[in-house]
Amino acid sequence: MQIRNLKLTHHRDYRVLIDNLSFAVNPGDKIVIIGEEGEGKSTILKWIYDPRLIEDYAEALGDRIIQGDKIGYLPQELPQEELEETVYEFMCREPGFQEMNPGELSALTKTLGLPLDFLFENRKMKTLSGGEKIKVQFARILSARPTVLLLDEPSNDIDIETLEWLEEYIVKSKEGVLFVSHDETLIERTANRVIHIEQLSHKTLPRHTVANMRYREYVEKRLHGFELQESQAKMERRHQRIAEEKWRKIYQRVEHEQNVISRGDPSTGRLLKKKMHSVKAQGKRLEKQRQAMTEEPQYEREINLAFDYVPDIHSGKEVINLKLPLLLKPSAADADCGRVLAKGIDLQVYGRDKICITGRNGAGKTTLLKEIKKEISCRKGISYTYMPQNYEELLDLEKTPLEFLERDGSKEERVLINNRLASLRFTPDDMKRKIKELSGGQKGKLILLSLTLSGADVLILDEPTRNFSPLSGPVIRKMLAEFGGAIISVSHDRKYIDEVANKVYKLEEGGLRQVDQPFLCD
């Protein structure tokens, strides 16, 4: 499959997202598309699969050459009508599934780690766990026998066990795989090629890089190349300044001598005129040198995010001592409400603990986090703030970013917020838009920024890194690791677990079990 000279332009602001992108996907390729939020990664996958999917918001120019390839596409989110279908109805949308014989079905479910009869169940798709949903989508895709897989955020909302299955599947896949993911560990362990999408000069200049190497090697070479280029550019400019200063002094001296020379000394006048001609020629050479100098590197700077306060909490202060006999599925969730998720929850957290709770999809981690939030809200002398997995629980979608973040409406506060938003790569246009028009990553950045301005002693975080690019991830993890208060979080991000958490618990039916950190990343 080949993509030639792809140009994507957003209808809303006529911003060019991608310009003149060309690449090929060959059997065995594992190509990751990386870049900051809202820069066109998902749009590329949609256009390759079916150009009609982007017609309502973007214009595409370029060639997609399929040449007999069959494309399997895993979207970031399933349409609502498919979520309402049973697993069997969902599978029957693909004719290839109905044509499979028992042996082929058995091999397919074994590959996916599913029970043999799972694909014939009457459970609705919306009731499946994140991991089950991903595997059923894979089942439908693979039953069509694709030669190229397009995967848009396949690692979202799945537990660590499913993540490890996904890694193994991608690595062993004979098909070409083109995917978008925010999970650095998944990228590092699977991708053998990188397409990096960037927006420079305040998102007015698109740039892309196609690198035939693994992700970590690409990141290191990229940074090293920028450092060399920046060093070379600075050295050349320093030498240029010295040469130009010397030239200006000579020019001014010759010009002065020409102005004061007596008209009765034509011989000296001719010599000075010849000398000025030589000085001007040297000036032209210096100007050419300036134009040929190494350019200072242009690249998307990493986001800048840090807490502007030190939490007023002692390391030995008890934050929570939670004893919960039964953890029940919330009554408003679905027909399965009131079901016992876990028994005998026992959790103690102190002033500067960094707690991470893991567990399989559907174990009740988010439910437990809300119980923890409820308990802490009753504690006197402890302030907390909360980052939900569903950002819209906190965000007023009709407000602008500034309106969401401001507290007193003062001019000084607005300047501070605008500067902070700019450091998170919000353009002036982004700052004026309603929150409902922002990308998922931008919404996440808004909530993270609100954490840094909150003054809270305790952060309660549900999947805090799930929507951020692999280039922003290290900054966010460093910020949270250095936070001076307590963090109680749920995460499947193995980098986050390794770099931020000092205590890891796995939620099981029998309660919380403290575990070693077994997810150390290569």
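In this talk, a residue is called buried when its relative accessible area is under 20%, exposed when that area is over 50%, and partly exposed in between, using a 1.4 Å probe and protein chains only. The structure under discussion is a predicted model, in which local features need pLDDT of at least 70 and side-chain atom pairs count only at pLDDT 80 or more, while totals for chains, interfaces and linings use all residues. Residues are numbered from 1 along each chain as its sequence is written, and side-chain values use heavy atoms, with hydrogens and water left out.

Allow me to begin with two backbone positions. Arg145 is not a glycine, yet has a positive phi of about 55 degrees. For context, most residues other than glycine have a negative phi. Arg145 belongs to the loop between α6 (130-142) and β6 (148-152); helices here are DSSP runs of H or I with at least four residues, strands are runs of E with at least two, and both are numbered from the N terminus. With a relative accessible area of 48%, Arg145 is partly exposed. Glu153 likewise has a positive phi, near 55 degrees, and is located in the loop between β6 and α7. Is Glu153 buried or exposed? Its relative accessibility is 4%, so Glu153 counts as buried.

I turn next to the aromatic residues. Rings of Phe, Tyr and Trp (the six-membered ring of Trp) are paired if their centres lie within 6.5 Å; planes under 30 degrees apart are stacked, over 60 edge-to-face, and the rest tilted. Across the whole structure, the search finds 11 such pairs. Why is the pair of Trp165 and Tyr169 stacked? The ring centres of Trp165 and Tyr169 are 5.8 Å apart and the planes stand at 25 degrees, so the pair is stacked. Both residues lie in helix α7 (residues 160-172), four residues apart, which separates them by about one helical turn. In general, an α-helix has 3.6 residues a turn, so residues three or four places apart point the same way. Trp165 is buried at 12% relative accessibility, and Tyr169 is buried at 13%. Elsewhere, Tyr88, Phe97 and Phe120 make up one aromatic cluster.

Charges also sit over rings, by which I mean NZ of Lys or CZ of Arg within 6 Å of the ring centre and within 35 degrees of the ring normal. Lys135 lies over the face of Trp165, 5.2 Å from the ring centre. The charged end of Arg140 is placed over the ring of Phe90, at 3.8 Å from its centre.

My final region is the loop between β14 and α16, which holds Phe468 and Arg466. Phe468 is buried at a relative accessible area of 1%. Its C-alpha atom is 7.1 Å from that of Glu37, although the two residues are 431 apart along the chain. Contact means heavy atoms within 4.5 Å. Beyond neighbours within four places in sequence, the contacts of Phe468 include Glu37, His182, Tyr391 and Ile476. Arg466, buried at 18% relative accessibility, touches Asn156, Asp157, His182, Gln389 and Tyr391 when the same neighbours are set aside.

Helix α16 (residues 473-481) has as its buried residues Gly473, Val475, Ile476, Arg477, Met479 and Leu480. These pack against several elements, among them α8 (184-190), β12 (354-358) and α17 (494-499). Finally, helix α1 (residues 41-49) is mostly covered, with seven of its nine residues buried, including Trp47 and Ile48.
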